[in-house]
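User: I should like to understand how the terms used for a protein structure are justified. Please take me through the reasoning step by step.

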Amino acid sequence: MFKINENYLKLPGSYLFSTIGKKVAAYTEAHPDKTIIRLGIGDVTQPLAPAIIDSMHKAVDEMGVKETFRGYAPDLGYEFLRTAIADNDYKSRGADIAADEIFVSDGAKCDSGNIQEIFSIDNKIAVCDPVYPVYVDTNVMSGRTGTYDEKTEMWSDVIYMPCTADNHFAPDFPKETPDLIYLCFPNNPTGSTIRKDQLQGWVDYANKNGSVIIYDAAYEAYIAEEDVAHTIYECEGARSCAIELKSFSKNAGFTGVRLGYAVVPKDLKCGEVSLHALWARRHGTKYNGAPYIIQRAGEAVYSELGKEQLKKQVAYYMNNAKVIKEGLQSAGYTVSGGVNAPYIWLKTPDRMTSWEFFDYLLETANVVGTPGSGFGPSGEGYFRLTAFGSYENTIAAVERIKAL
Ligand code: MLT
């Protein structure tokens, strides 16, 4: 008789955004007359930039002609895209990353879930609390997290690094030394970030302790302040301790297109074993590459026209962030984030729990957000709103919340 991977049975509830989706669907069915504004999941709403569409059209046409048709993509991604990434996201920032250290994928969510596979099951992970749930859940699935305590909502073998108002939502070094450290800056869900010198501290910490940092930089395009690093490889020594994950979802609106990449520097080794070689083996065996058309779309992100158009798109969302932040502040809410990230993190009013506030907002304002506790126990009493809605919906949502 076959057996299942019992680790899956340890997962409490469903994936956060699936739970929210179900709740909202049930409410909508019961109240078909209500107009719901969705500022929950960080999904973009602006159409793809014209430069990207043009590039995709051209690539589609190429696929219809014998001479330019493409079959399987190279394992690790097309050279044209990897070179564009290396030049624009790294070399231009003084970060020493070569094209062959970049692994093109169908998105950072998959990479952030899959990357743990190349590490021993005995490794202990550290995560920020609150945290993007994928990091923890995928380690649960592989059996690395021990047992779950329903009371504390914590796993026995996970090191939690609380990010609260007291530490300005920036994690302190944990007391127990982790093997793998998941960091995401600018941060999802709190919308906060850390300065480059603080990030350098984490790189030094990892090198000193023999830890690997898995650095999720999905929101890098939203950095507005000077002293924030755009990539962890701006920090000295990061090549020997960090893997960086990037997404095209938030900077270029590819949530439905799907494209991302992982950087695994060749200096990152466990003894003599190169993590680059392990990830290349994994990629080659389990993955046939992002589609040619999509990789051409990714290349257009780095064209002069693409950059210009996407700068405007990011500014559009950041204006929404400002509208939400200032609107809620004027209504007396305690709010953070929204300066270097498209997320606003607010304290729930009247000591409501995160889920109580979720229900209250859905029922009275017909606005959907994300309960902070869904990201971890230190998120309790907080709530996340995304700036990825349309401007009109953002204004309307803020007006509705202010009128409560
Ligand atoms: C979020 O809302 O946290 C993100 O959209 C989830 C994701 O990017 O997968």
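User: What makes K250 a polar contact of the ligand?

Analyst: The model is a predicted one. A polar side-chain atom of K250 lies 3.0 Å from an oxygen atom of the ligand. A polar contact requires a pair of N or O atoms within 3.5 Å, so the pair qualifies. The protein buries 86% of the 270 Å² that the ligand exposes when taken alone.

User: How do you know that N188 and G42 make polar contacts with the ligand, and which part of each residue is involved?

Analyst: For N188, an N or O atom of the side chain is 2.9 Å from an oxygen atom of the ligand. For G42, a backbone N or O atom lies 2.6 Å from a ligand oxygen. The limit is 3.5 Å, and therefore both pairs count as polar contacts.

User: Which residues surround the ligand, and how many of them are nonpolar, polar and charged?

Analyst: The ligand is surrounded by F17, I41, G42, K109, Y132, N188, K250, Y343 and R384. By class, this shell has 4 nonpolar, 2 polar and 3 charged residues. Tyr counts as nonpolar and Gly as polar in this scheme, which is worth remembering when the list is sorted.

User: What is the peptide bond before P189, and where does P189 lie?

Analyst: The bond that joins N188 and P189 is cis, with omega about 20°. P189 is found in the loop between β7 (180-184) and α6 (196-209). Another cis peptide bond runs from D129 to P130, with omega near 10°. P130 lies in the loop between β3 (125-129) and α5 (133-141).

User: Why are β2 and β6 called edge strands?

Analyst: The open sheet has 7 strands in the order β2-β10-β9-β8-β7-β3-β6, with mixed pairing. Within that order, β2 (102-105) and β6 (158-162) each pair on one side only. The twist from one strand to the next averages 20°.

User: How do you know that β9 and β10 are paired, and in which sense?

Analyst: Strand β9 (residues 242-247) and strand β10 (residues 260-263) share 4 bridges in the antiparallel sense. Pairing requires at least two bridges, so the condition is met. Within this pair, L245 stands opposite A262 in β10.

User: Which helices pack on this sheet, and which strands do they touch?

Analyst: Among them is α3 (residues 79-90), which lies across β2, β9 and β10 and runs at about 115° to β2. Helix α8 (residues 275-286) touches β2, β8 (212-216), β9 and β10, and its direction makes about 25° with that of β2.

User: Why do β13 and β16 stand at the edges of their sheet?

Analyst: This open sheet is formed by 4 strands in the order β13-β14-β17-β16, with antiparallel pairing. Strands β13 (335-337) and β16 (370-371) each have a single partner strand, so one side of each is left without a neighbour in the sheet.

User: What makes β14 and β17 a pair?

Analyst: Strand β14 (residues 343-347) and strand β17 (residues 382-386) are joined by 5 bridges in the antiparallel sense. The requirement is at least two bridges, and therefore they pair. I344 stands opposite L385 in β17.

User: Which strands does α10 lie across, and which does α11 lie across?

Analyst: Helix α10 (residues 304-330) lies across β13, β14 and β17, running at about 160° to β13. Helix α11 (residues 354-364) lies across β14, β16 and β17, at about 45° to β17.

Conventions:
Residues are numbered from 1 along each chain as its sequence is written. This is a predicted model: local features need pLDDT of at least 70, side-chain atom pairs count only at pLDDT 80 or more; totals for chains, interfaces and linings use all residues. Side-chain values use heavy atoms; hydrogens and water are left out. A residue is near a molecule or strand if one of its heavy atoms lies within 4 Å of it. A polar contact is a pair of N or O atoms within 3.5 Å; within protein, one must be able to donate a hydrogen and the other to accept it, and residues adjacent in sequence count only if both atoms are side-chain atoms. Accessible areas come from the Shrake-Rupley method with a 1.4 Å probe; for residues, only the protein chains shown count as cover. Helices (H or I, at least four residues) and strands (E, at least two) are DSSP runs, numbered from the N terminus. Axes are lines fitted to C-alpha atoms, for helices over the stretch in contact, and angles run from 0 to 180 degrees between N-to-C directions. Contact means heavy atoms within 4.5 Å.
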